[in-house]
Amino acid sequence: MNRARLRKLLDDVKHGALSTEDALERLRSLPYEDLGFASVDHHRTIRQGFPEVIFCEGKTRDQVTAIARRLLTSGAPLLATRVDPNAARALLRLDRRAVYHESARIVTIERGTRPRVGDILVVTAGTSDIPVAEEARITAEVMGSRVETLYDVGVAGIHRVVSRHERLLRARVVVVVAGMEGALPSVIGGLVDSPVIAVPTSRGYGASFGGLAALLTMLNSCAAGVGVMNIDNGFGAGCLAHRINVMGEAPARPKDVGTLGRRRKGQRKDGKDAGG
């Protein structure tokens with residue numbers, strides 16, 4: 001259930017095109033639907049602007065497909081991450097629009113077309129970091145952001161990233177994915193005035209400790225404006241980058257509706273205090 005479908009449902013009830021009982025039946029699964037092994041959050045689109053994402057790692061193929069079927073009833077896009085080939089084949093059979101992005105281990109099902117907005121730039125230090133970067137790119141794109149990529153420009157050849165300085169400056173948000181020692185986010189953070197989202201990867205030799213060395217480097221960055229995600233968390237980076245990217249694009253919400261926007265007692269609709 002998304003805002004547009006909920007608004008139409010309420011309008012149908014208001015104008016007599018839908019009975020109250022039928023409307024209640026359609027809303028029965030809000031805020032979630034209990035499948036026994038999962039509580040499918042149909043309310044998330046209304047709260048956060050995008051439906052629940054399926055994290056497939058640790059789930060069986062049947063569990064993944066059951067959750068996907070229920071989420072698809074909302075008519076919203078579907079995003080499943082950490083999908084192995086076996087689960088991917090099952091998801092591809094659910095909808096002809098399903099696409100398996102093998103490098104990113106993501107399955108997407110996009111409904112309709114809508115223009116992507118803003119400007120996110122996803123950068124990697126090396127080619128080995130691309131799978132995590134692709135997870136970030138696809139996540140942000142499915143959520144509605146315009147994304148470009150700049151791959152294999154790490155500090156071992158610093159001229160590669162410096163020569164792209166102009167492109168870096170144009171980006172609204174920069175996602176920087178790096179393994180080994182994880183130095184690239186600090187370099188880029190010192191070149192741009194936009195938010196930098198650093199993603200450490202588990203790529204590297206023994207002393208990289210599966211990405212821990214890169215994580216600690218990024219957490220200790222001396223560059224201002226750098227935030228750090230968990231190791232290999234491309235999805236988290238793509239989601240955060242999208243939210244930052246669309247902040248100026250989001251429609252204004254009514255100020256007199258909701259918990260945070262309620263008027264103070266004694267305050268008039270025009271915002272002035274009664275009797276003042």
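What do the buried residues of H10 pack against? I will come back to that after a short overview.

This is a predicted model. The protein has eleven helices and eleven strands. Of its 276 residues, 43% are buried. If you take the contacts between residues at least 6 apart in sequence, 64% of them join residues at least 24 apart. The exposed area is about 15400 Å², and carbon and sulfur atoms supply 52% of that.

Now to H10, which covers residues 212-219. Three of the residues buried in this helix are Ala214, Leu215 and Met218. Viewed down the helix axis, the buried residues of H10 fall within an arc of 100°, so they line one face. The general background is that an α-helix has 3.6 residues a turn, so residues three or four places apart point the same way.

That brings me to the opening question. The buried residues of H10 pack against two strands that precede the helix in the numbering, S9 at 173-178 and S10 at 196-200, as well as helix H9 at 184-189 and strand S11 at 226-228.

H10 also has residues on the outside. Leu219 belongs to this helix, and its relative accessible area is 54%; because the cut-off for exposed is over 50%, Leu219 counts as exposed. Leu219 is also part of a nonpolar surface patch of about 420 Å², together with Phe209, Leu212 and Leu216.

Next, the sheet. Strands S3, S4, S6 and S5 form an open sheet in that order, with mixed pairing. At the edges are S3, residues 54-55, and S5, residues 99-101, each of which pairs on one side only. S5 pairs with S6, residues 106-109, in the antiparallel sense over three bridges. Within that region, Val99 has Thr108 of S6 as its bridge partner.

The last item is helix H5, residues 85-92, where Ala87, Ala88, Ala90 and Leu91 are buried. These four cover an arc of only 165° around the axis, which puts them on the same side of H5. So what covers the buried residues of H5? The cover includes helix H4 at 61-72, strand S4 at 78-81, and strands S5 and S6. Strands S4, S5 and S6 are members of the open sheet I just described.

To recap the two helices: the buried residues of H10 line one face, and those of H5 sit on the same side of their helix.

Key. Residues numbered from 1 in each chain as written. Predicted model: local features only at pLDDT ≥ 70, side-chain atom pairs only at ≥ 80, totals over all residues. Heavy atoms only, no water. Buried < 20%, exposed > 50% of the residue type's maximum accessible area, 1.4 Å probe, protein only. Contact = heavy atoms within 4.5 Å. Areas by Shrake-Rupley, 256 points an atom, 1.4 Å probe, with all protein chains shown as cover. Patch = residues over 30% accessible without salt bridge, like charges linked within 9 Å, V, L, I, M, F, W, Y side chains within 5 Å. Salt bridge = Lys/Arg side-chain N within 4 Å of Asp/Glu carboxyl O. Arc of directions from axis to C-beta. Pairing = 2+ DSSP bridges.
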